Amino acid sequence: MLALKLTSSRCQRESKMKLYTCSKCQNLLYFENTSCLRCGHVLGFDADTLELTTLAEDNTSGIFYDIRNKQKRYRFCSNQQYGTCNWLVPDNGRVPENDDEGLCRACILNRTIPPLTDENLSLWRKIEIAKHRLIYSLLRLNLPVHPKVDDDGPGLAFDFLTELSPAGKIMTGHDAGLITLNIAEADEAQRVRNKQDLGEKYRTLLGHFRHEIGHYYWDRRLRDSPDLKAFRRIFGDESQSYEDALKTYYDQGAPANWMDNYISPYASSHPWEDWAESWSHYLHMLDTVETAYYFGISVDPKKSADIHASIDRDPYFIKDFETVFNMWLPITFAVNSLNRSMGHPDFYPFVIAPPVIEKMTFIHNLRKTIK
């Protein structure tokens, strides 16, 4: 294992991001934990500090404080009552007048949730786990995450919808800051059927969110931007008819040589989808390398000097994308091999061609300028 040597105060604070520990007993924790299984303390995620905070309950009902600093007082997000959220809301000294007022930075983005039958509640919980991980990544990247106030205004919103009849099909997608997700995607059996029907190698809830949020940030950063010329050079001309391009894709499929230029077959359908797919895989890469970094993982095969990586830096702070990519490749080879040892499909079943690396490099450099 690689020993973590954190020298700056910034790194010492950031080291708590992906590898969480209980402040009371130093037990290792998962991002979604609501209590420490060793000491029993309540846990909640503070989106302002990006820390999973160890809490004690105040005498006042519903108020908790950080055991390291009693001045930091919180309520839980209103959605805690449904078992869908462990994020915190700073206590302002008064009881929220309604559920919306008591929502955290992730849940305030929800415009529509499904009717909470037992089955829907189970699906919604899975959706929120993926969505909260997405929002964590966006906050780490310092990207703007603001709720949409009205339908025509700026900002971000989510509709989680259920099909009420075969005729009322819900399509997952993005439109002017509104991300719609068919909650059936949270049903693993249905998602696998969709994956097979569409010939996809990879389909997850988190993957959906990362793809659709890519469309959102394209609108924010590239639409009518001076950087659109560079985008078109790398991804293609997005002004071509989107509807016609998708029809051609679904009628004819991806070109035979799609792997030479695209991260997935769907990316070949239109430059907007190429951007969103590349953005999604870029976030896959950052979060996986970040996790490997905080676990002190290194890859050093005994019989090869070609596949080697010491994951010695947090990828969120690496300026050069090539460095991130060179960490990522050995990780995927190692974990793919581990998956095969267990009889599972590859962890990451994709080949990244040089044009895709250029696209991800463009994203890596551009995302720092999104306001």
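Is Trp 124 buried or exposed? In this predicted model, Trp 124 has a relative accessible area of 0%, and because buried residues are those under 20%, Trp 124 is classed as buried. The residue belongs to helix α2, and, when its neighbours within four places in sequence are left aside, Trp 124 is in contact with Asn 79, Tyr 82, Thr 84, Asn 110, Ile 113, Pro 114, Leu 116 and Phe 160. Trp 124 and Thr 162, although 38 residues apart in sequence, lie 10 Å apart in space when taken from C-alpha to C-alpha.

The surroundings of helix α2 include a sheet. Four strands make up this open sheet, in which the order is β8-β9-β11-β10 and the pairing is mixed. Its edges are formed by β8 (110–112) and β10 (173–175), each of which pairs on one side only, and from one strand to the next the twist averages 25°. Helix α2, which spans residues 118–140, packs on the sheet by touching β8, β9 (157–161) and β11, and the direction of the helix makes about 160° with that of β9. At the β10 edge, 3 bridges join β10 to β11 (residues 178–182), the two strands running antiparallel, and within this part of the sheet Gly 173 stands opposite Thr 180 in β11. In general, strands of a sheet pair through backbone hydrogen bonds, in either a parallel or an antiparallel sense.

Antiparallel pairing is also found among β5, β6 and β7. Strand β5 (residues 64–66) is joined by 3 bridges to strand β6 (residues 69–76), with the two running antiparallel, and together β5 and β6 form a hairpin that has 2 residues between its strands. Within this hairpin, Tyr 65 is placed opposite Arg 73 in β6. Strand β6 also pairs with β7 (residues 88–90), again over 3 bridges and in the antiparallel sense, and the bridge partner of Arg 75 in β7 is Val 89.

A further feature is located on the surface, where Leu 28, Phe 295 and Ile 297 form a nonpolar patch whose accessible area amounts to about 270 Å² for the three residues together. Of these residues, Ile 297 lies in the loop that runs between α7 (271–294) and β12 (298–299). Ile 297 counts as partly exposed because its relative accessibility is 32%, a class that covers values between the 20% limit for buried residues and the 50% limit for exposed ones.

Terms used. Residues numbered from 1 in each chain as written. Predicted model: local features only at pLDDT ≥ 70, side-chain atom pairs only at ≥ 80, totals over all residues. Heavy atoms only, no water. Patch = residues over 30% accessible without salt bridge, like charges linked within 9 Å, V, L, I, M, F, W, Y side chains within 5 Å. Areas by Shrake-Rupley, 256 points an atom, 1.4 Å probe, with all protein chains shown as cover. Salt bridge = Lys/Arg side-chain N within 4 Å of Asp/Glu carboxyl O. Buried < 20%, exposed > 50% of the residue type's maximum accessible area, 1.4 Å probe, protein only. Pairing = 2+ DSSP bridges. Axes fitted to C-alpha atoms, helices over the stretch in contact; angles between N-to-C directions. Contact = heavy atoms within 4.5 Å.
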